[in-house]
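Welcome! Take a moment to look over the sequence and the 3D view, and then we will walk through them together.

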Amino acid sequence: MGRRTQADRDAITIEIGYAFVSACFAAALAFGAVYGPALAFSLSPATRRTLAVAGVILAAAVFLLRVTHVLLGFARRPENDGD
């Protein structure tokens with residue numbers, strides 16, 4: 001395995017950025033899906049707190065899974081040797 005070209009480094013940088021942005025979006029959707037009812041309905045403070053904690057836990061899990069999925073998928077792609 002030789003040195004990486006500038007194009008390889010650029011591709012990795014773009015893929016990391018895509019993984020981060022798409023993971024943030026997916027995590028925000030997951031949190032909103034769990035915590036949304038607390039905003040829409042009049043719930044007790046304990047229920048709101050429970051939904052917030054559950055939303056944060058789910059959002060963190062979704063974030064980590066999305067980043068892992070994108071970056072492992074990128075690593076498994078066959079390299080283009082220019083042939």
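Which residues does glutamate 15 touch, not counting residues up to four places away in sequence? In this predicted model, the partners of glutamate 15 are Val70, Leu71, Phe74 and Arg77. Keep that group of names in mind, as some of them will come back.

**The whole chain**

Let us step back for a moment. The chain holds two helices and zero strands. Its radius of gyration is 19 Å, well over the 12 Å that the globule rule gives for 83 residues, so the chain is more spread out than a compact globule. You can follow this along the principal axes too, where the C-alpha trace spans about 65 × 15 × 15 Å.

How much of the chain is buried? Of the 83 residues, 16% are buried. The accessible surface of the chain is about 6,400 Å², and carbon and sulfur atoms account for 67% of that area. As for charges, the chain has 8 positive and 6 negative ones, and the mean positions of these two groups lie 18 Å apart.

Contacts tell us about the chain as well. Among those with a separation of 6 or more, 68% join residues 24 or more positions apart.

**Along helix 1**

Helix 1 covers residues 6-40, and alanine 19 is found there. Glutamate 15 has its place in helix 1 too, as does serine 22, and alanine 26 also lies in this helix.

Are these residues buried or exposed? Glutamate 15 has a relative accessible area of 14%, and buried means under 20%, so glutamate 15 is buried. Alanine 19, at 1% relative accessibility, counts as buried. Serine 22 counts as buried with 15%. Alanine 26 has 23% relative accessibility and therefore counts as partly exposed.

Now for the partners, again leaving aside neighbours within four places in sequence. Alanine 19 is in contact with Val67, Val70 and Leu71. Serine 22 touches Arg66 and Val70. Val70 is thus a name to look for in the view: it is a partner of glutamate 15, of alanine 19 and of serine 22.

**Along helix 2**

Helix 2 runs over residues 45-76, and leucine 65 has its place there. With 32 residues, helix 2 reaches 46 Å from its first C-alpha to its last, close to the 46 Å expected at 1.5 Å a residue.

Which residues of helix 2 are buried? They are Leu51, Gly55, Ala59 and Val70. What covers them includes helix 1. Leucine 65 gives a contrast: at 60% relative accessibility, this residue counts as exposed.

**Apart in sequence, and in space**

Here are three pairs to find in the view. For each one, compare the separation in sequence with the C-alpha to C-alpha distance.

| Pair | Apart in sequence | Apart in space, C-alpha to C-alpha |
|---|---|---|
| Alanine 19 and leucine 64 | 45 residues | 9.8 Å |
| Leucine 65 and alanine 26 | 39 residues | 10.0 Å |
| Alanine 26 and arginine 66 | 40 residues | 7.7 Å |

Alanine 26 appears twice here: its C-alpha is 10.0 Å from that of leucine 65 and 7.7 Å from that of arginine 66.

**Putting it together**

To finish, try tracing the picture yourself. Start at glutamate 15, with Phe74 and Arg77 among its partners. Move along to alanine 19, buried at 1%, whose contacts include Val67. Go on to serine 22, with Arg66 as one of its partners. Then look across at Val70, one of the buried residues of helix 2, whose buried residues have helix 1 as part of their cover.

Conventions:
Residues are numbered from 1 along each chain as its sequence is written. This is a predicted model: local features need pLDDT of at least 70, side-chain atom pairs count only at pLDDT 80 or more; totals for chains, interfaces and linings use all residues. Side-chain values use heavy atoms; hydrogens and water are left out. Helices (H or I, at least four residues) and strands (E, at least two) are DSSP runs, numbered from the N terminus. Buried means under 20% relative accessible area, exposed over 50%, partly exposed in between (1.4 Å probe, protein chains only). Contact means heavy atoms within 4.5 Å. The expected span of a helix is 1.5 Å times one less than its number of residues. The radius of gyration is taken over C-alpha atoms; the globule rule is 2.2 Å times the number of residues to the power 0.38. Accessible areas come from the Shrake-Rupley method with a 1.4 Å probe; for residues, only the protein chains shown count as cover. Lys and Arg count as positive and Asp and Glu as negative; His and the chain ends are not counted. The place of a charge is taken as NZ of Lys, CZ of Arg, CG of Asp or CD of Glu.
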